[in-house]
Protein chains: 2
Amino acid sequence: MVAERIEAALREAIEAVRGPSCPPGLDKAIEYAVFPGGARIRPKICLAVADACCEDYPAISDAAATSIELLHCASLVHDDLPCFDDSPLRRGRKSLHKAFGEPLAVLVGDALIVLAFQTLVRGTVQAPHRLPILMEIIAGSVGMPGGIVAGQAWECEPEVNLSDYQQSKTGSLFAAATAAGAAAAGVEAGPWRALGEQIGGAYQVVDDILDVAGDAEQLGKPTGQDEARDHPSSVRELGLDGARRHFESIMAGVVATIPPCPGAARLEAQVIKEASRFLPAALAEHAA
Amino acid sequence: MVAERIEAALREAIEAVRGPSCPPGLDKAIEYAVFPGGARIRPKICLAVADACCEDYPAISDAAATSIELLHCASLVHDDLPCFDDSPLRRGRKSLHKAFGEPLAVLVGDALIVLAFQTLVRGTVQAPHRLPILMEIIAGSVGMPGGIVAGQAWECEPEVNLSDYQQSKTGSLFAAATAAGAAAAGVEAGPWRALGEQIGGAYQVVDDILDVAGDAEQLGKPTGQDEARDHPSSVRELGLDGARRHFESIMAGVVATIPPCPGAARLEAQVIKEASRFLPAALAEHAA
């Protein structure tokens, strides 16, 4: 049901800017960038936190979750560009620039960033005083100096600290997902960042493991990229077993970072369930 | 004095996201993208309208003007990329991707879009109820279906209507400059759009004329690009003399579009003065 809620909110956000006055190629390409999606992990976490905090305006939680997922989609489109990962595949089909060309891939990423913030504005009409804090949380997680663009920019540097890189490239948007979920419900956001950072950290370790030990077809994207592109990676730094242990140690502590809230027990169960899906069954067997 | 005000506001916006935690390349590249600037026409228009409307919070006018200029800088950086205009020069020196590489050029554009909205949030703390309308005006002018990204995307289409193309690629941000200037001052924005559209239209015609009859060194960017890239252009559609007549006819009507406001006379003088600068002296002689 949460999955349907997320798809409906994303659909509504996209439809608000499509239409006959839009250049047809851009119109098709933005649809392609957002649907069908991946696991929608970030918006799920955002809504789970809003629910645990007893959301009073579901439209605001939807806007926060949607905004975060649109920014995630934007980052994938730009990240796949020839000047970065030059990835031919994404979500099991052609990457956006392979399907629509590089110019539209650049523009779709730009348009999704703008749309993410437009969605926040439209979604907060019932309680506009929540807009500034949501903007601050979400914009901060993608912008400079420590958001996704900074994470990507670390790839252009000769020396990188693995934890700074992962925190900005992945952790920041997960931290925004939990913080924005709380802020959308009118709850103080700060104490919720640690939970998102932990989940994001675990997710990134798994992503690094799958890049080495996963199945490209199942993942819907090429593997072996961190080594090929000389990207920092938990596996490259700790080895495969070391990375698995690192994942387990993060997961062992994650529920302890959930701040006191009315729906803490429910949220704890959800976090454990979602995280168990990070490591696909095949890989768990492979490691056993 | 307005020029200094704009540079100071841009400086403050940029410094808010720079610093030691930022990847050094990204940090340098964002500075390069914004300073030194071009004519800063859009923020000047925005502040002129805010002044004519008796701005009550100068910080909010500054935020609106800055946000618009940052988005303009973002559009130049992405527009110069090899997959679009592949321009080696901008503002008389290397374009950003020539100086810093394509990856940082993509990221700087993304970061500037995010920063534009962060700047609006930070600048409206004294009157946060003005944030939603400013966000709506400014985001709409760059996003889908009719903002700058749509204008760029029209370049990817086999058939383009010149006026749709120019309105989205150029007119939209000029319309946002006048509308946001009014909204920043707490005045109804709608009636102010037409003025920006007219100024933007005149500006675009001049840009098209200079692309054919201008001096590359003086302009700080290559000429002859519309023909070479098969971009729609007033000169290509109307001829050089036709384009000049079109410019004059727009200018003849522009002051009539200024809505009633306390500073109308002052604004009228400014609009005429700024517009007279559009057509450089050399070109006016050439045409005479």
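## Two packed helices and a two-fold pair

Let's start inside chain A, where helix 3 (residues 41-52) of chain A packs against helix 4 (residues 58-79) of chain A at an angle of about 160 degrees, the axes being 8 Å apart. Axes here are lines fitted to C-alpha atoms, for helices over the stretch in contact, with angles running from 0 to 180 degrees between N-to-C directions. Helices (H or I, at least four residues) and strands (E, at least two) are DSSP runs, numbered from the N terminus. Helix 3 of chain A and helix 4 of chain A are therefore roughly antiparallel to each other (angles over 145 degrees count as that).

This is a predicted model, in which local features need pLDDT of at least 70 and side-chain atom pairs count only at pLDDT 80 or more, while totals for chains, interfaces and linings use all residues. Residues are numbered from 1 along each chain as its sequence is written, and chains are lettered from A and ligands numbered from 1 in the order in which they are written. The mean pLDDT of chain A is 93, with 97% of its residues at 70 or more; pLDDT is the predictor's confidence in each residue, from 0 to 100. For the complex, the predictor gives an ipTM of 0.96 and a pTM of 0.96.

Now for the pair of chains. A turn of 180 degrees and a shift of 0.0 Å along the axis lay chain B on chain A with an RMSD of 0.0 Å (superposed by least squares on the C-alpha atoms of residues with pLDDT of at least 70 in both). That is the relation of a two-fold axis. In chain B, the C-alpha nearest the axis belongs to Asp110(B), 3.3 Å from it.

So what does each chain bring to the contact? Chain B puts in 47 residues and chain A 48, where contact means C-beta atoms, placed from the backbone, within 7 Å. Helix 6 of chain B gives the largest share of the side of chain B that touches chain A, 14 residues.

Two cis peptide bonds in chain B deserve a look:

| Cis bond | Omega | Place of the proline |
|---|---|---|
| Phe35(B) and Pro36(B) | about -15 degrees | loop between helix 2 and helix 3 (41-52) of chain B |
| Met144(B) and Pro145(B) | about 0 degrees | loop between helix 7 and helix 8 of chain B |

Back in chain A, Asp86(A) has a positive phi, near 50 degrees, and lies in the loop between helix 4 and strand 1 (89-90) of chain A.

Definitions and conventions
Two residues are in contact if their C-beta atoms, placed from the backbone, lie within 7 Å. Angles under 35 degrees count as roughly parallel, over 145 as roughly antiparallel, 65 to 115 as roughly perpendicular and the rest as oblique.
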